[in-house]
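Reader: I should like to learn how helices, pockets and cavities are read from a structure. May we work through one case together?

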Amino acid sequence: MKSVIIASLIASAAAFAPAQVGRSSTSVALDISGELGAQAPLGAFDPLNIMGDADQAKFDTWREIEIVHGRVAMLAVSGYLTTAAGIRFPGAEDVPGGFAAVNWLMSTDEGHLILPQMWTTFLVATIINRDASEVTGVKPAFPGDYRNGKLDFGWDKFDDKTKQRKRAIELNNGRAAQMGILGLMVHDIMGNTGDLFLK
């Protein structure tokens, strides 16, 4: 009887052991350790192994998403800190700072006019940026390159090393801004953002 109980315990424990199933793949995995953004101290940081079986197209898509989110986060942090400092557009002096502005937009007549305009602007900007290369015929040099062939602010005058450095700076600033806006959101919800700023 004891041997039956022990055998059933071992069998039930084995049911929870991970199965050793081999994965076969016909594609060669992309080595991201040499890509832009694989920097000290973390190197190629991919804890969820999202890029484990990625090809260059998948990597470029994820990189473009990261860059766009970083750019939006940089604008969000700048806007949050500007309104926290008490700076407002003329006529918007009564709009609260931080994320309380979203509730103000949802609950006022002015807000009901502004919100659709904001979302339309974001939508049109996204469509223009994504489809710019198809409309203008200018092929992007790298993921997140939305230049249209006319407006580049002197980008083409930089050497390759300077371009790589500037792209790495933008990527790191975007990563920092994503963490920054997340922290501001958490403290805004906690109600202690006043403790974060110098008075």
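The dialogue below goes from the overall fold to one helix, and then to the empty spaces.

Author: Please keep in mind throughout that this is a predicted model.

Reader: Which elements does the protein have, and in what order do they run from the N terminus?

Author: The protein has five helices and zero strands, and from the N terminus on the order is α-α-α-α-α. Of its 199 residues, 19% count as buried. Among contacts between residues at least 6 apart in sequence, 55% join residues at least 24 apart.

Reader: How does the reach of helix α5 compare with the span expected at 1.5 Å a residue?

Author: Helix α5, residues 160-190, has 31 residues. From its first C-alpha to its last it reaches 45 Å, close to the expected 45 Å.

Reader: What is found at the start of α5, and what follows the helix?

Author: At the start, a side-chain oxygen of D159 comes to within 3.2 Å of the backbone nitrogen of K161. After α5 comes G191, whose phi is positive, near 85°.

Reader: Which residues of α5 are buried, and what do they pack against?

Author: The general idea is one of periodicity. An α-helix has 3.6 residues a turn, so residues three or four places apart point the same way. In α5, the buried residues are K163, R167, A168, L171, G174, A177, I181 and L184. These buried residues pack against α2, residues 56-84.

Reader: Let us turn to empty space. How is it found, and what volume does the largest pocket have?

Author: Rolling a probe the size of a water molecule over the atoms shows where empty space is left. Here the largest pocket has a volume of about 1,700 Å³. It is lined by 38 residues, of which V72, L75, A76, M118 and F122 are the closest to its centre.

Reader: Which helices supply the lining of the largest pocket, and how does that lining divide by class?

Author: Helices α2, α3 (100-107), α4 (109-136) and α5 each supply at least two residues of this lining. The most comes from α2, which gives eleven residues. By class, the lining has 26 nonpolar, nine polar and three charged residues.

Reader: What is the volume of the second largest pocket, and which residues are the closest to its centre?

Author: The second largest pocket has a volume of about 790 Å³. Of the 28 residues that line it, F45, D46, R63, E66 and R175 are the closest to its centre. Both α2 and α5 supply at least two residues of its lining, and the largest share, six residues, comes from α2. The lining of the second largest pocket divides into 17 nonpolar, six polar and five charged residues.

Reader: A cavity is the remaining case. How many cavities of 30 Å³ or more does the structure hold, and which residues line the largest cavity?

Author: A cavity differs from a pocket in that the probe fits there but cannot get out. The structure holds one cavity of 30 Å³ or more, and about 40 Å³ of space lies in the largest cavity. Its lining consists of E66, I67, G70, R71, M74, E170, L171, G174, R175 and Q178.

Reader: What do α2 and α5 supply to that lining, and how do its residues divide by class?

Author: Each of α2 and α5 supplies at least two residues of the lining of the largest cavity. By class, the residues of that lining are three nonpolar, three polar and four charged. Both L171 and G174 appear in this lining, and both are among the buried residues of α5.

Notes. Residues are numbered from 1 along each chain as its sequence is written. This is a predicted model: local features need pLDDT of at least 70, side-chain atom pairs count only at pLDDT 80 or more; totals for chains, interfaces and linings use all residues. Side-chain values use heavy atoms; hydrogens and water are left out. Helices (H or I, at least four residues) and strands (E, at least two) are DSSP runs, numbered from the N terminus. The expected span of a helix is 1.5 Å times one less than its number of residues. Buried means under 20% relative accessible area, exposed over 50%, partly exposed in between (1.4 Å probe, protein chains only). Contact means heavy atoms within 4.5 Å. A polar contact is a pair of N or O atoms within 3.5 Å; within protein, one must be able to donate a hydrogen and the other to accept it, and residues adjacent in sequence count only if both atoms are side-chain atoms. On a 1 Å grid over the protein atoms alone, a cavity is a set of points where a 1.4 Å probe fits but cannot get out, and a pocket is an open set with protein on both sides within 12 Å along at least five of seven lines; lining residues have an atom within 4 Å of a point. Grid points are joined across faces, edges and corners, and a volume is the space filled by probe spheres set on the points. Ala, Val, Leu, Ile, Met, Phe, Trp, Tyr, Cys and Pro count as nonpolar, Asp, Glu, Lys and Arg as charged, and the others, Gly among them, as polar.
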